[in-house]
Amino acid sequence: NPAQGRELVLSGVEVSFGGLKAIGGVDLTVSPGEFVGIVGPNGAGKSTLIQTITGFARPSAGTISLGGRRLDGSEPEDIAALGIARTFQTSRVFPALTIGESVRVGTQRGLIGGGRTPKRFGCLAEPIGGLFGIAGYGKAAREADARAEEILKLFGERLWPRRDRPTHSLSYANRRRLDIARALATSPDLLLLDEPTAGMNPTESHELADLLLDVRRRFPAMTIVMVEHKLDIVRKLTQRTIVMAQGKVLVDADPDRAFADPQVAAAYLGQ
Ligand code: ADP
Ligand code: MG
C-alpha cells in the first residue's frame, strides 16, 4: 500500500472561505502509527483541517504530503485511494444499502479491477452507479466478504447481527459506528475521525473508545487522527493532543499537559 509507513506532513497550510481564514498557517507532522487527538473550541478549524487533508477543501497556501507525496490539489477519491479514510462530523450512511453492504462497499478500494471506478468508493459518502461491485465471484469477492465480516465483528454485537438490516433502521450511535466500520473497511493507513463520539452518552462514548483501542491492537500500523472534545476519551486513546484555536495550533503536547495549559483554558473561555 503506497501510504504505509509514511509521515503526514502539513506545512504552512492556510484555508480560506471567502474572506474568512479558517486555517491560518498550520505546520504539523504525524508519524506512522501515531494516535493523535485534535481538540479546540468551536470554529477553531478542526473539521476544516480534516476536509483539507482529504481533498474536500483546498488550501490557499502551504502543502500537505504523505510520505513525500503531495496530497493538496488532488481529488478526494484519489486521496482515498492512497489509503486515507475518514468519517464526517455528521453521520453519512447509504440509505439504500444494508449495514453489511455498506461495509462491503468500503472494501472495494483496490480489490475489484475492471472498467468501473471502485476507487470512488474510497472514503466518500455516495456510491456511484448503484450497487455495482457488491455482487461478484472469485477471490476478490471472497476477500471483500472476509474483510467486511472481520470489520463488522470488531463492533461486537452492535453491527454483525444487524448486517442484513437497512442502514436507516440503525440507532444514532450505531450509525456512527457504521461510519467508522465503513472507513476501516478500506484498510486505511491513515484514519481521520471527526468527533466520533458526538451526541453519544458517556457509556456509548467509552464503548466506542474501547472499540478504537481494539482497532489499534488489530491494526497497530494504522495512523489515527481524531477530533474529539471529551477529555477522558482523548486521554484514554491518544498520546498526543493538538489544541487548535482560531485556525492555528496552540499547543502540541501529551493530553495532560495540553489540557493543563493556561492558554488552552483561555481559548475555550474566549469562544
Ligand atoms: P471546528 O471543526 O473546529 O468547529 P470548522 O473547521 O468547522 O471548525 O470551522 C472553522 C471556521 O471555518 C468557522 O468559522 C466556520 O464557520 C468556517 N467554515 C467551515 N467550513 C466552511 C465552509 N464550507 N464555508 C464557509 N465557512 C466555513
Ligand atoms: Mg468541527
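For sorting residues here, Ala, Val, Leu, Ile, Met, Phe, Trp, Tyr, Cys and Pro count as nonpolar, Asp, Glu, Lys and Arg as charged, and the others, Gly among them, as polar. By that scheme, the shell around ligand 1 comes out as four nonpolar, six polar and one charged residue. Keep in mind that this is a predicted model. The chain runs to 271 residues, of which 45% are buried, and it carries nine helices and 10 strands. Two open sheets are described below, one of four strands and one of six, along with helix 1, which packs against strands from both.

**The chain overall**

- Take the contacts between residues at least 6 apart in sequence: 70% of them link residues at least 24 apart.
- As for secondary structure, the count is nine helices and 10 strands.

**Around ligand 1**

- The residues surrounding ligand 1 are F17, L20, A22, G40, N42, G43, A44, G45, K46, S47 and T48.
- Helix 1 makes the biggest contribution to this shell, with three residues.
- Strand 2 also gets a look-in: like helix 1, strand 2 supplies at least two residues of the shell.

**The four-stranded sheet**

- Reading across this open sheet, the strand order is 2-1-4-5, and the pairing is antiparallel.
- Strand 2 (20–30) and strand 5 (69–70) sit at the edges, each pairing on one side only.
- Strand 1 (residues 8–17) and strand 4 (residues 61–66) run antiparallel and are joined by five bridges.
- Two pairs show how the register works here: E14 has A61 of strand 4 as its bridge partner, while V9 stands opposite S65 in strand 4.
- On to the next neighbour: two bridges hold strand 4 and strand 5 together in the antiparallel sense, and S65 turns up again, standing opposite R70 in strand 5.
- Strand 4 and strand 5 form a hairpin with two residues between the strands, and G67 in this hairpin takes a positive phi near 55°.
- Helix 1 (residues 46–53) lies across strand 1, strand 2 and strand 4, and its direction makes about 65° with strand 2.

**The six-stranded sheet**

- The second open sheet has six strands in the order 6-7-8-3-9-10, and here the pairing is mixed.
- Its edges are strand 6 and strand 10 (248–253), which each pair on one side only.
- From one strand to the next, the twist averages 20°.
- Helix 1 packs on this sheet too, touching strand 3, strand 6, strand 7, strand 8 and strand 9; its direction makes about 145° with that of strand 7.
- Strand 3 (residues 35–39) and strand 9 (residues 240–245) run parallel, joined by four bridges.
- One of the pairs in that stretch is V39 with V243, its bridge partner in strand 9.

**Strand 7 and its neighbours**

- Strand 7 (residues 190–194) is mostly covered, with five of its five residues buried.
- In a regular strand, side chains alternate between the two faces of the sheet.
- Strand 7 has L190, L192 and D194 pointing one way and L191 and L193 the other way, and all are buried.
- On one side, strand 6 (residues 84–86) runs parallel to strand 7 and is joined to strand 7 by three bridges; I84 has L190 as its bridge partner.
- Strand 8 (residues 223–227) also pairs with strand 7 in the parallel sense, over five bridges, and L191 stands opposite I224 there.
- Strand 7 and strand 8 go together with helix 6 (residues 202–218) in a right-handed β-α-β unit.

**A look at H168**

- H168 is found in the loop that runs between helix 4 (138–154) and helix 5 (172–185).
- H168 counts as exposed because only 11 C-beta neighbours fall inside 10 Å, and the cut-off for exposed is 12 or fewer.
- H168 and F94 are 74 residues apart along the chain, yet their C-alpha atoms are separated by 8.4 Å.

Technical notes
Residues numbered from 1 in each chain as written. Chains lettered and ligands numbered in written order. Predicted model: local features only at pLDDT ≥ 70, side-chain atom pairs only at ≥ 80, totals over all residues. Pairing = 2+ DSSP bridges. Contact = placed C-beta atoms within 7 Å. Axes fitted to C-alpha atoms, helices over the stretch in contact; angles between N-to-C directions. Near = placed C-beta within 6 Å. Buried ≥ 20, exposed ≤ 12 C-beta atoms within 10 Å, placed from the backbone. Right-handed = clockwise from strand over helix to strand, strands pointing away.
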